[in-house]
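The exercises below are meant to be worked through with the sequence and the coordinates side by side. Try each task before reading its solution.

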Amino acid sequence: MKKRILIVGGVAGGASCAARARRLDEDAEIIIFERGSHVSFANCGLPYFIGGVIPNRESLTVTDSAAFKDRFNIEVRLQSEVTAIDRARNEIEVNSLLAGELYRVRYDALVLSPGAVPLRPALPGVDLPGIFTLRTIPDSQRIVDWLENKQVRSAVIAGGGFIGLEMAENLAKRGLHVTIVEMMNQVLPPVDPEIAAPIEQRLRDRGIQLVLGDGVTGFKKTAGTRTQVMLKSGAACEADLIILAIGVRPESSLARSAGLELGERGGIRVNEQMQTSDPNIWAVGDAVEVRDFVTGQWTSVPLAGPANRQGRVAADAVCGRPSTFRGIQGTAICGAFGLTAALTGATEKSLKRAGITDYEVVHLHPRQHAAYYPDSKQMQFKLLFRRQDGRILGAQAVGEEGVDKRIDVISMALQKHGTIYDLEEAELCYAPQFGAAKDPVNLAGMVAANVLRGDVVTVPWASLGHNGYMLLDVRQPDEFQAGHVPGATNIPLPELRKRLGELSREKEIRLYCGVGQRAYYATRVLMQRGFRVKNFSGGFKTYQSCRAARLVS
Ligand code: FAD
């Protein structure tokens, strides 16, 4: 008898699992059950469809049902909701939403890729017209219809994460006045606050109103299409369109009722082959909990890349190949109004949450390509690494250009258990318009290695204000005049060697410059002359981001 592989959910994880399974087993019967009316579509493109950047809704479909049949001999059953799993009989129960009938199908292998559900908390007024979540093509069409048929001039977006920011940009593009309400004190909760700070500034510069550290408590209809959004602080704002982008929860209800093991976050627990607690059932994508690559803790990270790769791993496992999922690094990127923020691996926040203290941090502000070549742009870069051996733990960057390339390179190094010494030695593309002879990746490794080799001792800007040291600014006087850290003394680097007599040998000296480079040179001078010196990582530019993020007073 033919092996029958059933797949629940036909988008990122499910579709890639089905196609891979066919490539490995030409004889298997493969059926995808999809509750919605679209298979294999690009959720990630939805904000851009709403903004009109992707003008054609059809281009969001990656592979339609007919192509699945023609190309892969895979049957897709749309509007077919799997309502139960009978594990004793290896059968699923399907509700055909069109025909309105229930039927059962036997499986040899069952793969669950049911995704996640956007959070829609039971707040007063949450079901009023004009309040939307965004997950599917029909969701996006409902928003577009509302925009086109009502007099929509303003929007409130609850949630300042990736989807919230993408929606803010796309709605602003349509001429709306946009307010983002975010419960945390920063936008982009996955990154550290000082990396989010430039994004916040850019949003404000482009007219987006930011309400941070406040949460939505309810909604009230006012006149016409207007809805009042009530906030925890007692404040309120009003808009014609509300988007709830406050996160998702794993869609694990089917797995829960089938008695499969779930984790603390409600995701389906799987092993490295994406196999659930039932040996005939696999699960992938936003619905699962997997190990964090850096901390080793169980986690659930709803991203398309991992869902696709896990789909392949599950197909391999179902077809008898020994592939394994390596764990999730959380490599992610977000663009908003010409700025890009990206991360891979652990952040300082996530290390602290995991109780990991054996780490060092460096900040730097390299340029995406040679400074002398036109249009060079500075990015803000943060690298976290293990003190013990220099193992890379994570990296984050924000800037106008070149952020994606650097974070991708570091993501790969991290996955290969690389160290900062590997980053120093990385041999990357260079011509003036593409990079620098010392690429930002090399520089990050070099700055980090300087710390571990003891050539410089860095301190975080958050420690500013502790007494008992001299604060020395080694920038040029005009830079100092334009803005400096309160209490700092200015001795420009070119004068330092002549003015050593002005420095105390008893007191520790803490240095900074613009971005860290001149302070490092000054540190080397002073250390070799016997002074006790520490360096504020990333210089005045990082100080400004830390101040904007309220990490320093
Ligand atoms: P999904 O792709 O959601 O597919 C799950 C499918 O299962 C759904 O179609 C659902 O209808 C179906 N289903 C659920 N239960 C049943 C059932 N019982 N029976 C039958 N069918 C069922 N990720 C990125 O990495 N980068 C991005 O830029 C990005 N942008 C995004 C933008 C938006 C607006 C959204 C919503 C998501 C974005 N994501 C992005 C996340 C990414 O889309 C998801 O991580 C990915 O789609 C998860 O794949 P999945 O297969 O687990 O779930």
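**Exercise 1. How many Å² does the protein expose, and what percentage of this do carbon and sulfur atoms supply?**

Solution. Bear in mind at the outset that this is a predicted model. The exposed area comes to about 24,000 Å², and carbon and sulfur atoms supply 49% of that area. Turning from the surface to the interior, buried residues make up 54% of the 553 residues.

**Exercise 2. Decide whether the overall dimensions agree with those of a compact globule.**

Solution. Start from the chain length: for 553 residues, a compact globule would have a radius of gyration near 24 Å, and because the protein has 26 Å, the two agree. Next, consider the extent of the C-alpha trace, which spans about 90 × 60 × 40 Å along the principal axes. Finally, look at how the chain is connected in space: of the contacts with a separation of 6 or more, 62% are between residues 24 or more positions apart. The secondary structure within these dimensions consists of 16 helices and 31 strands.

**Exercise 3. Locate the largest nonpolar core and describe the surroundings of M274.**

Solution. The largest nonpolar core has 51 residues, and those with the most contacts inside it are I85, I92, L110, L112 and M274. Leaving aside residues up to four places away in sequence, M274 touches W282, A283, V284, V288, V290, Q310, V313, A314 and F325. A second core, separate from this one, has 43 residues, among them I180, I195, I199 and V398.

**Exercise 4. Compare the loop residues S40 and Q79 by backbone angle and by burial.**

Solution. The background is that most residues other than glycine have a negative phi. S40, in the loop between strand 2 (29-33) and helix 2 (46-50), nevertheless has a positive phi near 45 degrees. Q79, in the loop between strand 3 (75-77) and strand 4 (80-86), is likewise not a glycine and has a positive phi of about 45 degrees. For burial, the cut-off is 20% relative accessible area: S40, at 8%, is therefore buried, whereas Q79, at 28%, is partly exposed.

**Exercise 5. Is T419 buried or exposed, and which residues does T419 touch?**

Solution. T419 is found in the loop between helix 10 (403-415) and helix 11 (420-425). The relative accessible area of T419 is 17%, so this residue is buried. Not counting residues up to four places away in sequence, T419 touches D389, G390, R391 and I392.

Key:
Residues are numbered from 1 along each chain as its sequence is written. This is a predicted model: local features need pLDDT of at least 70, side-chain atom pairs count only at pLDDT 80 or more; totals for chains, interfaces and linings use all residues. Side-chain values use heavy atoms; hydrogens and water are left out. Helices (H or I, at least four residues) and strands (E, at least two) are DSSP runs, numbered from the N terminus. The radius of gyration is taken over C-alpha atoms; the globule rule is 2.2 Å times the number of residues to the power 0.38. Buried means under 20% relative accessible area, exposed over 50%, partly exposed in between (1.4 Å probe, protein chains only). Contact means heavy atoms within 4.5 Å. Accessible areas come from the Shrake-Rupley method with a 1.4 Å probe; for residues, only the protein chains shown count as cover. A nonpolar core is a set of buried Ala, Val, Leu, Ile, Met, Phe, Trp, Tyr and Cys residues joined through side-chain atoms within 4.5 Å.
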